[in-house]
Amino acid sequence: MKIVFWALAVWLITRVFIFQTFHIHTNSMHQTLVEGDYIFVNKLAYGARMPVTPLSVSFGNRHLFLDWIQLPYLRIPGFSTVKRNDILVFNFPGDDALPTDQREQYIKRCIAAAGDTVSIVQGKVLVNGKEVLEYENVLKNYRVTFEGGQIDRAILKLINAEDQKHGFSGNNLTVSLTEKMADSIRHLQHVVSVETQSLQSGYSTHIFPNTSKVKWGIDNFGPLFIPKCGQQIYLNSSNLIFYKKIIEKYENNTVETRNDSTYINGEYSPFYTFKMDYYFTLGDNRNNSIDSRFWGFVPESHLIGKATGTLFSSRK
C-alpha cells in the first residue's frame, strides 16, 4: 500500500510541477506537430503554476474537479521567460465558464511576447515594425496552376498533398505548403505558377477584438500592443476595446466609462498599469488555426508550460 501511495505522490508532483504530456488532436500546428503526436510539456521552463482547483484529478482527456476551493493565481519562478517562437501550451482564454486550470488546453507558437507590438499586413507578420522571418514549418495556402488542366500526382506526392484537404478548380490547385515546399515545385515541368493565396479579404467580427468598430481580418491585423507586467498605458475609448476584458477578467477589476473617462474600481483612472504579462500566438498551419487573431491575448496566468520534445510521433 505504501508503494502505491508513494508512486501516486511522485506521479502527482511530477505532473503538477515538472512536466506532463500533451496529445496533439488538431492540425493547427501541422506540420511542426502532427495530429496523434504526444509531446512533453516542460513546466519548469516558465515556472510551475500552482493548481487553481486543488480538488481535481485527470484521466487522459477527462478532468474531474470540485470548485469548492479555488486558489488565486500563483507561479513558482522558472528558469527562463517566454520568447518569440516558443511553442506554448496553455488553457484557452476564451472560456470564462470554468476555472482557469480546467479550461481546454491549446498549443500554439508565441509570435509576440509581452511588451511587443504585433501587426499582420497582407499575411506577413511584423513585430515592432519589422517583418518576422517565418519558422520553416509554417504552412500557408498556395494556389498552384498547372498546364492544360492535368495535375501531376507525382507533384502531389512530392509536396505531401495527397492526403491534404485541397481544392481543385480547373487547372488550379489550392493546397497548404511551407515556403520551402512551394519553392521546390515552382520550376517543375507543367507548373505555371505557385502563388500565396489570401486567407481573407476585408474584416470580420470573428476577429479580435470582435467588434465592427475595428476593421481587422486574418491577413490584415493590428498594430496591437501586447501588455507587459508593470507597463502603464493611457486609457481611452479607442484602446479600451482591446484591454477591457483583461483588466476585468484576468486582473480582477471593474471598468466603467463615463463621458469618455475611464473609472477602475469606481475611481477615475486615465492610466492603467498591467499586473501580468500577456502573449500573442499563432498556429503554424495559418489557414487552419483558431488563435490570437480570433480571441486575443494569452495571459501569463493561463500558461501551462513549454513544448520541448516529442514522446511519440504519428508521422508515417
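## Exercises on a predicted model

Glu-134 counts as partly exposed, at 23% relative accessibility. This residue returns in Exercise 3. The structure is a predicted model.

### Exercise 1. The whole protein

Task: Find how many helices and strands the protein has, and what share of its residues count as buried.

Solution.
- Step 1. Count the elements. There are five helices and 22 strands.
- Step 2. Turn to burial. The protein has 316 residues, and 45% of them count as buried.
- Step 3. Look at the surface. Its accessible area is about 17,200 Å². Carbon and sulfur atoms hold 54% of that area.
- Step 4. Check how far contacts reach along the chain. Take the contacts with a separation of 6 or more. Residues 24 or more positions apart account for 66% of them.

### Exercise 2. The sides of helix α3

Task: Which residues of α3 are buried, and where do they lie around the axis?

Solution.
- Step 1. Locate the helix. α3 spans residues 179–186.
- Step 2. Pick out the buried residues. They are Met-181, Ala-182 and Ile-185.
- Step 3. Place them around the axis. They cover an arc of only 100°, so they are on the same side of α3.
- Step 4. Recall the general rule. An α-helix has 3.6 residues a turn, so residues three or four places apart point the same way.
- Step 5. Turn to the other side of α3. Glu-179 and Lys-180 are exposed there.

### Exercise 3. Salt bridges

Task: How many salt bridges are there, and which parts of the chain do the pairs of Asp-284 and Glu-134 tie together?

Solution.
- Step 1. Start with the principle. Side chains of opposite charge can pair when their charged atoms come close.
- Step 2. Apply the cut-off. The nitrogen of Lys or Arg must be within 4 Å of the carboxyl oxygen. The count is eight salt bridges.
- Step 3. Take Asp-284. Its partner is Arg-109, with the closest N and O atoms 2.8 Å apart. Asp-284 is in the loop between β20 and α5 (292–295), while Arg-109 is in strand β6 (residues 105–112), so the pair ties together parts 175 residues apart in sequence. Both Asp-284 and Arg-109 are buried.
- Step 4. Take Glu-134. It pairs with Arg-286, and here the closest N and O atoms are 3.0 Å apart. Glu-134 sits in the loop between β9 (130–131) and β10 (140–146), and Arg-286 in the loop between β20 and α5, so this pair ties together parts 152 residues apart in sequence.
- Step 5. Compare the partners. Arg-286 is buried, with a relative accessible area of 6%. Glu-134 is partly exposed.
- Step 6. Widen the view. Glu-134, Lys-140 and Arg-286 are linked in a network of salt bridges.
- Step 7. Add another pair. Glu-256 and Arg-258 form a salt bridge with closest N and O atoms 3.3 Å apart. Glu-256 is partly exposed at 39% relative accessibility, and Arg-258 is partly exposed at 36%.

### Exercise 4. A buried charge

Task: Where is Asp-277, and what does its side chain reach?

Solution.
- Step 1. Find the place. Asp-277 is in the loop between β19 (271–273) and β20 (278–282).
- Step 2. Look for a charged partner. Asp-277 is buried but has no salt bridge. Lys-228 is the nearest side chain of opposite charge, 4.7 Å away. A salt bridge needs a distance within 4 Å.
- Step 3. Look for a polar partner. The side chain of Asp-277 reaches the backbone nitrogen of Cys-229 at 2.7 Å.
- Step 4. List some neighbours. Residues touched by Asp-277 include Ala-114, Pro-227, Val-298 and Glu-300.

### Exercise 5. Backbone details

Task: Which peptide bonds to Pro-209 and Pro-223 are cis or trans, and what is phi at Asn-210 and Asp-260?

Solution.
- Step 1. Check Pro-209. The bond from Phe-208 to Pro-209 is cis, with omega near 10°. Pro-209 is in the loop between β13 (191–196) and β14 (221–225).
- Step 2. Check Pro-223. The bond joining Gly-222 and Pro-223 is cis, with omega about 5°. Pro-223 lies in strand β14.
- Step 3. Check Asn-210. Its phi is positive, about 60°, although it is not a glycine. Asn-210 is in the loop between β13 and β14. It is partly exposed, at 40% relative accessibility.
- Step 4. Check Asp-260. Its phi is positive too, near 70°. Asp-260 is in the loop between β16 (255–258) and β17 (261–264). It is exposed, with a relative accessible area of 55%.

Conventions
Residues are numbered from 1 along each chain as its sequence is written. This is a predicted model: local features need pLDDT of at least 70, side-chain atom pairs count only at pLDDT 80 or more; totals for chains, interfaces and linings use all residues. Side-chain values use heavy atoms; hydrogens and water are left out. Helices (H or I, at least four residues) and strands (E, at least two) are DSSP runs, numbered from the N terminus. Buried means under 20% relative accessible area, exposed over 50%, partly exposed in between (1.4 Å probe, protein chains only). Lys and Arg count as positive and Asp and Glu as negative; His and the chain ends are not counted. A polar contact is a pair of N or O atoms within 3.5 Å; within protein, one must be able to donate a hydrogen and the other to accept it, and residues adjacent in sequence count only if both atoms are side-chain atoms. Contact means heavy atoms within 4.5 Å. Accessible areas come from the Shrake-Rupley method with a 1.4 Å probe; for residues, only the protein chains shown count as cover. The arc is that of the directions from the helix axis to the C-beta atoms.
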